[in-house]
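Me: I would like to learn how to read a structure. Please take me through this one.

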Amino acid sequence: MPRLESGAWSCSCAARARHAARPGEAAPKADAMQSPSPSAGRAEREASGGAATTWRQHLVQRSVVLFVVGAFMALVLNLLQIQRNVTLFPDEVIATLFSSAWWVPPCCGTAAAVVGLLYPCIDSHLGEPHKFKREWASVMRCIAVFVGINHASAKLDFANNVQLSLTLAALSLGLWWTFDRSRSGLGLGITIAFVATLITQFLVYNGVYQYTSPDFLYIRSWLPCIFFSGGVTVGNIGRQLAMGIPEKPHND
């Protein structure tokens, strides 16, 4: 009898051990179900890579469009200033393309690309997407008003440059209020006007070109107004080009 009892006791212990081992055996299966398969991870990486490629393609396309627009507008508006003897270039420079210095179109095109890409980027960073008058008809009207402001700076005759500067400042703020009305647009416009004015002062100081009748150190006092309205205009073009473009993908 003692042998039978010891045999039964050992069998019950073995059964309990087998039952205790079953949850441990099921755990690896659960872990396997929770861990992603290699094919799923590969698909996610391919989708992320495709989104990044698409975003870069759109970025290059927008940069090219903004560069061409900036270079063309610089040629046209600079020619108007030269014809009205507002800006003076050396004689050997005037004989070049469209009576403009060779470096004006590429510099202005690059600046337009940077500004046009910066506006929607700042809007996204601030979490304030610009939705005021987001259509190409409004953008074209904004361009027309900017060209008119630049034309007025060369054509209008005032008793002094201060009156002309105040008039152009009012027109520039009116352009911002009519076609932008965003805090980021106002801040970037003022920043662009300040930086561009400093660069222009440096160029004129070093004799690259000059302005007739300067009244603001080496330049005309109304020039910051042109830079401000130009920044707002290029910013609107950049925002319109960025509409419907997927956001930059983030690597988790």
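Me: How much area does the protein expose, and what share of it do carbon and sulfur atoms supply?

Reply: This is a predicted model, in which local features need pLDDT of at least 70, side-chain atom pairs count only at pLDDT 80 or more, and totals for chains, interfaces and linings use all residues. Residues are numbered from 1 along each chain as its sequence is written, and side-chain values use heavy atoms, with hydrogens and water left out. The protein exposes about 15,300 Å² (Shrake-Rupley method, 1.4 Å probe), and carbon and sulfur atoms supply 66% of that area.

Me: Which residues of H7 are buried?

Reply: An α-helix has 3.6 residues a turn, so residues three or four places apart point the same way. Helix H7 (a DSSP run of H or I, at least four residues, numbered from the N terminus) covers residues 183–205. Its buried residues (under 20% relative accessible area, 1.4 Å probe, protein chains only) include Leu188, Ile192, Ala196 and Thr200. The buried residues of H7 pack against partners including helix H4 (104–126) and helix H8 (223–242).

Me: What is the volume of the largest pocket?

Reply: Rolling a probe the size of a water molecule over the atoms shows where empty space is left. Here the largest pocket has a volume of about 1,100 Å³. Of the 35 residues that line the pocket, the closest to its centre are Cys108, Ala111, Ala196, Thr200 and Phe227.

Me: Which helix gives the most to the lining of the largest pocket?

Reply: H7 does, with eight residues. The lining has 26 nonpolar residues, nine polar and no charged.

Terms used:
Helices (H or I, at least four residues) and strands (E, at least two) are DSSP runs, numbered from the N terminus. The expected span of a helix is 1.5 Å times one less than its number of residues. Buried means under 20% relative accessible area, exposed over 50%, partly exposed in between (1.4 Å probe, protein chains only). Contact means heavy atoms within 4.5 Å. On a 1 Å grid over the protein atoms alone, a cavity is a set of points where a 1.4 Å probe fits but cannot get out, and a pocket is an open set with protein on both sides within 12 Å along at least five of seven lines; lining residues have an atom within 4 Å of a point. Grid points are joined across faces, edges and corners, and a volume is the space filled by probe spheres set on the points. Ala, Val, Leu, Ile, Met, Phe, Trp, Tyr, Cys and Pro count as nonpolar, Asp, Glu, Lys and Arg as charged, and the others, Gly among them, as polar.
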